Amino acid sequence: MRKEFLPFTRPAVNEDDIAAVTAVLRSGWITNGPVGAEFESAVAAFTGNRFGVALSSATAGMHLFLKILGIGPGDEVITPSMTWVSIANMIALAGAKPVFVDVDRETLLVRPEAIAAAITERTKLIVPVHFAGAALDLDPIYEAAGEIPVLEDAAHALGTFYKGRHIGAKNALYSFHAIKNVTCGEGGMFVTSDEKLADAVRRWKFHGIGMDAFDRQNRGRSPQAEVLSPGFKYNLTDMQAALGLSQLKRIAELNGRRRQLALRYRERFAEVPEIRVLADPAGYDFVHAWHLFVVRVDTPKITRDEFMAELKKRNIGTGLHFRCAHLQKYYREVMGFRPGMLPDTEYNSDRICSLPLFPGMTEEDVDDVVATVKELLAGR
Ligand SMILES: *Cc1c(COP(=O)(O)O)cnc(C)c1O
């Protein structure tokens, strides 16, 4: 058994990152400032888009986007149930109805036909997820959406490319939460090609005055600027942006390392029939960001929950991304969702588990996880 606990993830913080954050702390300007602005430009440039607006989280971005589109009671928002609950929560809090669509059983990506079938005259927004860092089939999704806005949930997908370009060409939300490929500790960014939307998010994220202290000081805007409409306070500090910016400079290396480890897992698990790895989506060219390495524990020998507990006893951490949203208490009891509504999502929700995957892991760690899993299954 391993002597040291192997967590399912660990942020890849190096000395450059620490120096970058320290420099902000020493500068005397620790909240919105030049580093945040640089981070916004860098993410927009990396993802091949025009505007980035840094936020305190991706969840905050979802909240703002719903507000800006004026989505509320009577409106429907299409999203998978196999996602982080914050997306469904923001829809519910807006008073709108989440319309959950099933995902492909083997890729966990939403199928364009499922989106097309869920559209009604009340559909105001579509929020598909680039699950685990694999690319959605965007062309048919945008075709199905027509005039309906699409907000790509790119929380897993910094470094995900579809047909040769970075995903999120129109509107996308990135997350820089501690477990994401690039982290600010906490943080998010709305990235868009639409200047009006970028301005709206900028205004809504900072009291509705459309600028922050740094803008006032450095961009020559008036300190007497007034509230145009009430807004929230969802800005990202420069201390956080410095960490994200420093990590972004290494993203090719970070994601490349994730890829090597993930491919090693895939190869090793090919001979373990009880453990079913996710499939790559077929039919289009894409680059995987390998945010998560998700497997399905599919055997009468052991349940997923027991599997996670047994690995923990053997000093290996795991994660659960995700328990489907539609069967959580609130969504069952208040919104009336029932088991059986989304069979492929539910199949996965009962069996998925994220194995350790982070750039600081070694090949031996991967082999250790696989050997431990084999030993665990052999004993039953
Ligand atoms: C992490 C995550 C989010 C939310 O990001 P925060 O920055 O934590 O708000 C949204 N969607 C998915 C799929 C995520 O994994």
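When residues are sorted by character here, Ala, Val, Leu, Ile, Met, Phe, Trp, Tyr, Cys and Pro count as nonpolar, Asp, Glu, Lys and Arg as charged, and the others, Gly among them, as polar. Keep that in mind while we look at this predicted model.

Let's begin with the whole chain. It has 14 helices and 13 strands. Its C-alpha atoms fill a box of roughly 70 × 50 × 40 Å along the principal axes. How does the radius of gyration fit a compact globule? With 380 residues, such a globule would have a value near 21 Å, and the chain has 21 Å, so the two agree.

Now for the ligand. The space it takes up is the largest pocket. Around the ligand there are 15 residues, and the closest are Thr59, Asp153, His156, Ser175 and Lys180. Sort that shell with the opening definition and you get five nonpolar, eight polar and two charged residues.

Here are some polar contacts, each between a ligand atom and a protein atom:

| Ligand atom | Protein partner | Distance |
|---|---|---|
| nitrogen | N or O atom in the side chain of aspartate 153 | 2.7 Å |
| oxygen | polar backbone atom of alanine 58 | 2.9 Å |
| oxygen | N or O atom in the side chain of lysine 180 | 3.1 Å |

How much of the ligand does the protein bury? Taken alone, the ligand exposes 380 Å², and the protein buries 92% of that.

Finally, a look at the backbone. Most residues other than glycine have a negative phi, and most peptide bonds are trans. Leucine 108 is not a glycine, yet it has a positive phi of about 65°. You'll find leucine 108 in the loop between strand E3 (97-101) and helix H5 (112-118).

Which way round is the peptide bond from histidine 321 to phenylalanine 322, cis or trans? That bond is cis, with omega near 5°. Phenylalanine 322 belongs to the loop between helix H11 (304-313) and helix H12 (329-333).

How values were computed. Residues numbered from 1 in each chain as written. Predicted model: local features only at pLDDT ≥ 70, side-chain atom pairs only at ≥ 80, totals over all residues. Heavy atoms only, no water. Near = heavy atom within 4 Å. Polar contact = N/O pair within 3.5 Å; in protein donor to acceptor, adjacent residues only side chain to side chain. Areas by Shrake-Rupley, 256 points an atom, 1.4 Å probe, with all protein chains shown as cover. 1 Å grid on protein atoms, 1.4 Å probe; cavity = no way out; pocket = protein on both sides within 12 Å on 5 of 7 lines; lining within 4 Å. Sits in = over half its atoms within 2 Å of the grid points. Helix = DSSP H or I, 4+ residues; strand = E, 2+ residues; numbered from the N terminus. Rg over C-alpha atoms; globule rule 2.2 N^0.38 Å.
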